[in-house]
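Work through the exercises below with the structure in view, trying each task before reading its solution.

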Amino acid sequence: MINTYVARHAILDASSNVIGYELLFRDGENNSFPIGMCDETATSKLLSQNHLTQDLDEVTQGKKAFINFTSETLIERFPRSLDPKLIVIEILERADASAKLLFNIKKLKQQGYTLALDDHDFDPKWQRFYPYIDIIKVDIQDFNVLQIAKFIKNLPQQNFTLLAERIETHEEFERFKMMGFSLFQGFYFSKPELVKGKDLASNKLSLLQLLASASQPDINIKDISQIVERDVALSYKLLRFVNSSGFAHQQKISSLKQALAYIGETELRKFISLLAMADLNDDKSNELLNMSMIRARFCDLVAQKSQGKVSTQSAFLTGMFSLVDAMLDQKMDSILAKIPILDEIKSALTERKGRLAACLHLTQHIEQGHWEQAEALSIKLGLNMQTTNEIFLASIKWADTLQLQQE
């Protein structure tokens, strides 16, 4: 478990009502952009930590999220799981205005996304993008009033929304309202506000293995599911990705392999690229992660011994997600509402009911040294205490092996 940071900078209308927030990646409480980090890495980390782990609309309080994107991300790794109703895609001024980018911008426009040119510098190279652009952001401190007025006059007859950035005084606010700007951002209204959260750190080895699998001409879903199921962070983010993408609205997920199959190869490659870019540079060392893997394997093995009375795949997920509330410092109900797992698993984790909950209770009794309760529950599950102890030791050994592979 690691701390995450994002700065949100308010965007207001002409009546000073907040209509959205530009989200800015941060790596600490000093509320500054990390020195030396490239734009693409910052965007990937921001999305991984504030879209796949928690909800963007929680960060923005239900208002629009304005997010910067490089040309590389828009062409190769843009996650279609982002709801067009919730975000504004800001095309960075440093982006390469290539034919490939234009092609992808057209597709994004067709899919209903709102598109903005960030820090627009009046360069003619962007003119062919204008038919697909909704918002033009202008840094008013980079140009004088005459330059900006001339630029506005020469814009094509299109219903652009003009956004004035870096408004620092009331006089500037009034002046640019008179010039036709209808959205505003700057220190006159507010400074970027730091929002702190929690993220799950992913296993570096798992990420590398996923990247290797995703680079193959034909993705092997079975191989990838085996990699993902060894890492609670990857598993949780995968299910969040599936849920936010709308892939699983018709049927609840009972296994990670099923979730991967829903996504399809194209979106799966983007999911892996997004996580790899965001997490490969992060350190991971957390006993909660190790304990969750012990529980996952234990519940899986107990289910195997139950002779079909309990689904092994559902048991594995139950154990894996049993500590995710502690990892994220959020209520279990709130977390599970964001991922499309079976109601039986949710019931086991929240109400502690059913056979899946019994598997989980058993591992907890052993963890806490409640031997009488453990023996009684073992018998109910059709096991003797010796077998239960052997399963628990095997689960520890399995989790330790995974831990060694990470180091």
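**Exercise 1. Find the residues that form one aromatic cluster, and see which charge lies over one of the rings.**

Solution. Phe173, Phe184, Tyr188 and Phe189 belong together in one aromatic cluster, where rings of Phe, Tyr and Trp (its six-membered ring) pair if their centres lie within 6.5 Å. Over the face of phenylalanine 173 lies lysine 177, at 4.4 Å from the ring centre; a charge sits over a ring if NZ of Lys or CZ of Arg is within 6 Å of the ring centre and within 35 degrees of the ring normal. Elsewhere, the charged end of arginine 8 sits over the ring of tyrosine 21, at 4.5 Å from the centre of that ring.

Before going on, note how the values arise. This is a predicted model, in which local features need pLDDT of at least 70 and side-chain atom pairs count only at pLDDT 80 or more, while totals for chains, interfaces and linings use all residues. Residues are numbered from 1 along each chain as its sequence is written, and side-chain values use heavy atoms, with hydrogens and water left out.

**Exercise 2. Describe the chain as a whole.**

Solution. Begin with the secondary structure: the protein chain has 19 helices and nine strands, where helices (H or I, at least four residues) and strands (E, at least two) are DSSP runs, numbered from the N terminus. Next, take burial: of the 407 residues of the protein chain, 52% count as buried, which is to say under 20% relative accessible area, whereas exposed is over 50% and partly exposed lies in between (1.4 Å probe, protein chains only). Finally, turn to contacts, meaning heavy atoms within 4.5 Å: among those between residues at least 6 apart in sequence, 66% join residues at least 24 apart.

**Exercise 3. Classify two aromatic pairs by the angle between their planes.**

Solution. The structure holds eleven aromatic pairs. In one of them, phenylalanine 176 and phenylalanine 181 lie 5.5 Å apart from centre to centre with 85° between the planes, and the pair is edge-to-face; planes under 30 degrees apart count as stacked, over 60 as edge-to-face and the rest as tilted. Both phenylalanine 176 and phenylalanine 181 are buried. In a second pair, the ring centres of phenylalanine 316 and tryptophan 398 are 6.2 Å apart and their planes stand at 85°, so this pair is edge-to-face too. This pair links distant parts of the chain, with phenylalanine 316 in helix α13 (residues 312-320) and tryptophan 398 in helix α19 (residues 385-406), 82 residues apart. Phenylalanine 316 counts as buried at 7% relative accessibility, while tryptophan 398 is partly exposed at 21%.

**Exercise 4. Describe how helix α12 and helix α13 pack, and then treat α16 and α17 in the same way.**

Solution. Two packed helices are described by the angle between their axes and the distance between the axes. The axes of α12 (residues 287-305) and α13 come within 7 Å and cross at roughly 155°; axes are lines fitted to C-alpha atoms, for helices over the stretch in contact, and angles run from 0 to 180 degrees between N-to-C directions. Therefore α12 is roughly antiparallel to α13, given that angles under 35 degrees count as roughly parallel, over 145 as roughly antiparallel, 65 to 115 as roughly perpendicular and the rest as oblique. The residues that make the contact include Ser292 and Met293 of α12 and Ala315 and Phe316 of α13.

For α16 (residues 343-350) and α17 (residues 354-367), the axes come within 8 Å and cross at roughly 40°, which makes α16 oblique to α17. Here Glu344, Ile345, Ala348 and Leu349 of α16 meet Leu356, Ala357 and Leu360 of α17.

**Exercise 5. Place threonine 388 and serine 16 in their surroundings.**

Solution. Threonine 388 is found in helix α19 and is buried, with a relative accessible area of 0%. Leaving aside neighbours within four places in sequence, threonine 388 is in contact with Phe298, Leu362, Ile366, Ser378 and Leu383. Serine 16, by comparison, is placed in the loop between β1 (2-13) and β2 (18-26), and counts as partly exposed at 36% relative accessibility. Although serine 16 is not a glycine, its phi is positive, at about 65°.
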